[in-house]
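Hello,

Here is the structure I promised to pass on to you. Please open it alongside this message, and then read on for what turned up in it.

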Amino acid sequence: MKKLTVVIIVGSLRKDSYNLKLAKALATLGQNDFEAHIANISDLPLYNQDLESAFPEQAARLKKEIQEADAILFVTPEYNRSIPAPLKNAIDWASRPYGQSAFANKPAALCGTSPGAIGTAVAQNTLKHILHYLDMALMGSPEVYLQFKEGLIDNDGNISDQNTQTFLKGFVDKFVTWIQKHKQ
Ligand SMILES: Cc1cc2nc3c(=O)[nH]c(=O)nc-3n(C[C@H](O)[C@H](O)[C@H](O)COP(=O)(O)O)c2cc1C
């Protein structure tokens with residue numbers, strides 16, 4: 001059977017991002033069930049409605065990747081108790097022009113990690129509102145509010161803690177079931 005395809009949108013542009021490490025770990029945990037592709041959102045111009053008439057190629061590329069994927073996984077840090085600007089920028093581009101959003105009815109899940117004790121809970125709450133508004137088929141649970149400790153996940157996505165590995169595998173397995181149920 002053909003593998004599912006999942007586009008992962010990471011809210012951090014940082015080279016050593018904890019969320020990028022988490023994204024890689026989730027891609028590895030799901031590799032028997034889906035092909036994961038981490039979208040490049042770093043080269044998108046700042047959203048400006050004036051640019052929509054000559055839609056930027058970077059934004060068109062992102063929209064195409066989302067449209068062709070079976071599902072989208074958002075992995076985000078929390079910035080000032082909200083989502084990072086590059087993530088909001090990417091979402092705004094892929095939701096436009098009006099009536100031509102790439103997100104509608106697409107299965108999705110979200111998660112995030114931070115050194116802070118509440119592990120991106122506030123940012124994820126904000127992101128949930130946005131994704132609901134965009135009519136995504138958003139998985140509600142399990143929720144992943146992961147407090148990152150140095151060495152928890154390496155640059156290749158290897159997880160050092162067995163309990164975290166088991167928990168994240170449960171998240172990935174539920175997401176696979178969710179995608180199969182909701183994909184178009
Ligand atoms: C502008 C800015 C705002 C931040 N605000 C929060 C916050 O509200 N909550 C939090 O837990 N961490 C906050 N942090 C710390 C981030 O969790 C930390 O920098 C983390 O490493 C970012 O994720 P990344 O490693 O994936 O880049 C903030 C960091 C920056 C740069």
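**A first look at the strands**

A good place to begin is I8, which stands opposite I38 in β2. Before going further, please keep in mind that this is a predicted model.

I8 belongs to strand β1, which covers residues 4-10. This strand is mostly covered, with 5 of its 7 residues buried. Its pairing with strand β2 (residues 34-38) is parallel and runs over 5 bridges. β1 also pairs with strand β3 (residues 71-75), again in the parallel sense and over 5 bridges. Two pairs of residues show you where to look for this second pairing: V6 has A71 as its bridge partner in β3, and I9 stands opposite F74.

**Strand β3 and what it joins**

How many of the residues of β3 are buried? The count is 5 of 5, so to speak a strand that is mostly covered. A71, L73 and V75 point one way from β3, while I72 and F74 point the other way, and all are buried.

From β3 you can carry on to β4, which covers residues 107-114. β3 and β4 run parallel and are joined by 4 bridges. If you want a single pair to find on screen, take V75, whose bridge partner in β4 is C111.

**Helices between the strands**

Two β-α-β units are worth tracing by eye. One is made by β1, helix α1 (residues 18-29) and β2, and it is right-handed. Another consists of β3, helix α3 (residues 85-94) and β4, and this unit is right-handed as well.

Helix α1 deserves a closer look. It has 12 residues and reaches 16 Å from its first C-alpha to its last, close to the 16 Å expected at 1.5 Å a residue. Is this helix largely enclosed or largely open to the outside? Because 11 of its 12 residues are buried, α1 is largely enclosed by the rest of the structure. Among the buried residues are Y18, N19, L20 and K21 near the start of the list, and also K24, A27 and L29. The elements that the buried residues of α1 pack against are β1, β2, β3, β4, β6 (145-147) and α5 (162-182).

T28 is also in helix α1. It counts as partly exposed because it has 17 C-beta neighbours inside 10 Å, and a residue needs 20 or more to be buried. T28 also gives you a link to a distant part of the chain: D156 is 128 residues away along the chain, yet the two C-alpha atoms are separated by 8.9 Å.

**Around the ligand**

Which residues are closest to the ligand? They are S12, S17, N19, P77 and G116, out of 13 residues that surround the ligand. By type, the shell divides into 4 nonpolar, 6 polar and 3 charged residues. N19 also appears among the buried residues of α1, which makes it a handy point for moving between the helix and the ligand on your screen.

**Some backbone details in the loops**

Two peptide bonds are cis. One joins R96 and P97, with omega about -10°, and P97 is found in the loop between α3 and β4. The other runs from S141 to P142, with omega near 0°. P142 sits in the loop between β5 (137-138) and β6.

Two residues other than glycine have a positive phi. For R81 the value is near 60°, and this residue lies in the loop between β3 and α3. R81 is exposed because there are 12 other C-beta atoms within 10 Å. For N105 phi is about 70°. N105 is found in the loop between α3 and β4, and it counts as partly exposed because it has 13 C-beta neighbours inside 10 Å.

I hope this helps you find your way around. Do write back with any questions.

Best wishes

Terms used: Residues numbered from 1 in each chain as written. Predicted model: local features only at pLDDT ≥ 70, side-chain atom pairs only at ≥ 80, totals over all residues. Near = placed C-beta within 6 Å. Nonpolar A, V, L, I, M, F, W, Y, C, P; charged D, E, K, R; others polar. Pairing = 2+ DSSP bridges. Right-handed = clockwise from strand over helix to strand, strands pointing away. Expected span 1.5 Å × (residues − 1). Contact = placed C-beta atoms within 7 Å.
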